[in-house]
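Please look through the sequence and the structure shown here before reading on. The report is meant for a reader who has not met this structure before.

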Amino acid sequence: MFNLSNKQKNMIGFSLTPGLGLEAIIYDKTRGVVLNYGRKKVDYNFSQRNIQDYTQFKSAVIELMDEMQIPAKSYAYIILPNVFFDFIEMPNDATDGNIEMALTTTAEEFYIFKKEEPSIGWCDVANPMGTTQRKLAYTAFQKSDIDEIKDIFAGVGLQVAGIETAYSATLRGLNLTGLIKDNILMDSSWGALIINTNSFTLFQMEGKNLLDCNEVPLAIKSFSTEEAYQAIVSSVSQLLSSQMTSQLIVISQTDDISAEILKKRMQFDREIIAIDSNKFSRKPLMEVISALNFNDANSMTLAVLGAVDPKSNFDLTLNILNNDPNSSMGVYFTTTLFGAPTDVTTELVIKIAVVISAIAGLLFGSAIAFSSLKSTDYDSQISSLTSEIRQLDTSIKEAEKVEIKEEEIDMTEVIDEVAEDNVAAINFYDSIATDIPKNVWLTKYYNKEGRLLAVRGIAESIVDIYEYYKNLRIVSPQSDIKLTELKVVTGPNGNDNEEDIGRFVKSLAIDKDVDRLYSFVISNTEFVVDTSRISGSEAGAETAEELDILAKPAAPQANIEQPSNQMRPTK
């Protein structure tokens, strides 16, 4: 399992609300608190439905970064006032390409997009069981404005993870506050009324599913204060009369309307919750640790909270950059790995895939080099390594199914640690295929988890043994292997079984007379004799880590030791 870095990279939420300006927020999802909050003035053009002055917008972003100490390369998720929002039904088998084409065609009927190319974002919403259609909620912005915003954030060093409408972000912000927890648990019907300077919008919800949305234009500033309240109450009452709603949440984002006052005038006999994101607010929606101005923090919007929770269990995200690989690395979801919140991004998935491929390549290459051993036990070693690769691949696939948080992943560290865990085993296995002197024969090989190594063999001279020992150290310089045993197997005194010596030499195709052979062991562990396995009928019962290289033509039965297939490590 990978040991990922715990260096946190926070998601920075930005939200532009007409009349309030551009908000920025740094949120700690683990603690459920706002670490820092700031707001700057930015004007919005209601008739064109875009930012009035992009120079003013860029200056606001730079000032917020400087004053809130937002580091470069942080992820930025941007919420904009709604331009276009609607529902559409598509066949269940519709491809993303077909969906985007249909949504673009529909959006182009809206007056804004008759002269501006739209950028589209969509997601599935509640569908009746057993239907062959998908119900989608979708939003659209002017592509030229989106490109301008992306260029501004790239210019100040922030990575744009998403751009989204305030509608869906506000509903996610409600979810983040916990105010609708019971509605979601009980899957009950409820409504959300959002009041802005030039319109109000009523959402019909069932649990966490968005069923319907009605936006009603209302130039509040053209009314007197009393007339504005009466106009909203009258219009909303008509909409509510056709809905079965057990709870209504009233949210005011304009200084002209107080949600608390409107709540008292509503003709609604069920629970009403009032939320003011304006001058009437007396406290923030949740705990704020630091703020450029705490009075501003009192009126923070639900939309900016939704910006820092783009992939929540609320399942309503209309990020128009989801299918744009060039926008940023795109945050998919947040999960907790090794006790730390972690962002899973396209970049992370690609890097981990590269690491897995590299490891697989190393192990596969090693397996090819070892195939010359032609040992059933060695095949077991390869099977074990292949199983480890599959486990790593399974871990990545499981991580892709869970949810995201802000985390900087040091992939160099990941690769180094994986390599360190495998280099010893790989290098030791390579020792079998390294330069073996002509007059050296290996009779036994043992490798336990890449840490315990033993090689037993026969050689014609001590010089040859030392040459092979040097080769092993070159292959694996970090190991602690030593020449732990050196014995004379035959000699001029004729004390050994000459018939066995002759058979051994003949089996190895030695073409010259040999008057002396040496037995040696190179290892970093010890061996003892296992007398329970002297029978030749059990020679094939070795462990997966132990290879009897000369299985048939056994080493000479020297009186100084048992045959090589009786060795067992003591530790």
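What follows describes one helix and then one strand with its neighbours.

## Helix α4

This is a predicted model, and the description begins with helix α4, which covers residues 166-177. Because each of its twelve residues should add 1.5 Å, counted as one less than the number of residues, the helix should span 16 Å, and its end C-alpha atoms are indeed 16 Å apart, which agrees.

Helix α4 is mostly covered, with eleven of its twelve residues buried. Among the buried residues are Ala 166, Tyr 167, Leu 171, Leu 174 and Leu 176, and they also include Arg 172 and Asn 175. Just after α4 comes Gly 178, which takes a positive phi of about 85°.

## Strand β14 and its two faces

Strand β14 is formed by residues 247-252, and six of its six residues are buried. Both faces of the strand are covered, since Gln 247, Ile 249 and Ile 251 lie buried on one side, while Leu 248, Val 250 and Ser 252 lie buried on the other.

## The neighbours of β14

Strand β11, made of residues 189-195, runs parallel to β14 and is joined to it by five bridges; in this pairing Ile 194 stands opposite Ile 251 of β14. Strand β15, made of residues 271-276, also runs parallel to β14, and six bridges join the two, with Ile 249 standing opposite Ile 273 in β15.

Helix α7, which spans residues 259-265, makes a right-handed β-α-β unit together with β14 and β15.

Key:
Residues are numbered from 1 along each chain as its sequence is written. This is a predicted model: local features need pLDDT of at least 70, side-chain atom pairs count only at pLDDT 80 or more; totals for chains, interfaces and linings use all residues. Side-chain values use heavy atoms; hydrogens and water are left out. Helices (H or I, at least four residues) and strands (E, at least two) are DSSP runs, numbered from the N terminus. Buried means under 20% relative accessible area, exposed over 50%, partly exposed in between (1.4 Å probe, protein chains only). Two strands pair if DSSP finds at least two bridges between them. A crossover is right-handed if, with the strands pointing away from the viewer, the path from the first strand over the helix to the second runs clockwise.
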